[in-house]
Amino acid sequence: MSADVAETFERLFDKNNTTAYKALQALQKMSGQSDCVYPYMDQLCEMLDSGNSYIRTRGLVLIACNAKWDRDYKVDEVIDLYLRHITDCKPITARQCIKLLPTIAKYKPELKEDIVSALRKADLSIYADSMQPLVYQDLQRALKEIGKL
């Protein structure tokens, strides 16, 4: 199993976005079933600093998927960096980040206040007028979901 995870993880960085996206989907599925992807948390956290928005997004997704397995407080260590992506320079990445925050809040209740605070402080004026309402709706939906936890 671990060789399979390692190979799939390598494909996350494939130049072909279709290949990388399929790897992301496979790793998401694996993360839902066991902690087999959790040993890669350090690399996932490093992905948040990538200059490539696709790689940042994949890191955001897989960190959230592995929050429930986080026995070493890796999510807690990178939460500030993670939350900066609420206003990522790419609105698509920001929207993904925002949609994932209720998952993190669910499995890491000690981070709920930080998450809510960051969502409330987010300055969405950096986005084009066409994107602002979409990001705002995502933000409101995330706050509502987190409020129910």
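**View 1. Helix H4 in the predicted model, running from residue 53 to residue 65.** Counting 13 residues, H4 reaches 18 Å from its first C-alpha to its last, close to the 18 Å expected at 1.5 Å a residue. Look at the N-terminal end and you'll find asparagine 52 acting as the cap. One of the side-chain oxygens of asparagine 52 sits 2.7 Å from the backbone nitrogen of tyrosine 54.

**View 2. What packs over H4.** There isn't much of this helix on show: 12 of the 13 residues of H4 are buried. Among them are the arginines Arg56 and Arg58, along with Ser53, Thr57 and Gly59. The buried set also takes in the run Leu60, Val61, Leu62, Ile63, Ala64 and Cys65. As for the cover, helices from both sides of H4 in the sequence pitch in, including H2 (17–33) and H3 (41–47), plus H5 (74–84) and H6 (91–107).

**View 3. The largest pocket, with H4 as a main contributor to its lining.** About 270 Å³ of space lies in here. The lining has 13 residues, and the closest to the pocket centre are Tyr21, Tyr54, Thr57, Ile92 and Gln96. Thr57 turns up again from the previous view, where it was listed among the buried residues of H4. Three helices, H2, H4 and H6, each put in at least two lining residues, and H4 gives the largest share with five. By chemistry it's a mixed bag: five lining residues are nonpolar, six are polar and two are charged.

**View 4. Arginine 71, in the loop between H4 and H5.** With a relative accessibility of 49%, arginine 71 falls under the 50% needed to be called exposed, so it counts as partly exposed. Leaving aside residues up to four places away in sequence, arginine 71 touches Asp35 and Tyr38. With aspartate 35 there's a side-chain to side-chain polar contact of 3.2 Å. Aspartate 49 is another story: 22 residues from arginine 71 along the chain, its C-alpha is 23 Å from that of the arginine.

**View 5. Tyrosine 73, a backbone oddity in the loop between H4 and H5.** Most residues other than glycine have a negative phi. Tyrosine 73 isn't a glycine, yet its phi is positive, at about 60°. The loop that holds tyrosine 73 is also where arginine 71 from the previous view is found.

Technical notes: Residues are numbered from 1 along each chain as its sequence is written. This is a predicted model: local features need pLDDT of at least 70, side-chain atom pairs count only at pLDDT 80 or more; totals for chains, interfaces and linings use all residues. Side-chain values use heavy atoms; hydrogens and water are left out. Helices (H or I, at least four residues) and strands (E, at least two) are DSSP runs, numbered from the N terminus. The expected span of a helix is 1.5 Å times one less than its number of residues. Buried means under 20% relative accessible area, exposed over 50%, partly exposed in between (1.4 Å probe, protein chains only). Contact means heavy atoms within 4.5 Å. A polar contact is a pair of N or O atoms within 3.5 Å; within protein, one must be able to donate a hydrogen and the other to accept it, and residues adjacent in sequence count only if both atoms are side-chain atoms. On a 1 Å grid over the protein atoms alone, a cavity is a set of points where a 1.4 Å probe fits but cannot get out, and a pocket is an open set with protein on both sides within 12 Å along at least five of seven lines; lining residues have an atom within 4 Å of a point. Grid points are joined across faces, edges and corners, and a volume is the space filled by probe spheres set on the points. Ala, Val, Leu, Ile, Met, Phe, Trp, Tyr, Cys and Pro count as nonpolar, Asp, Glu, Lys and Arg as charged, and the others, Gly among them, as polar.
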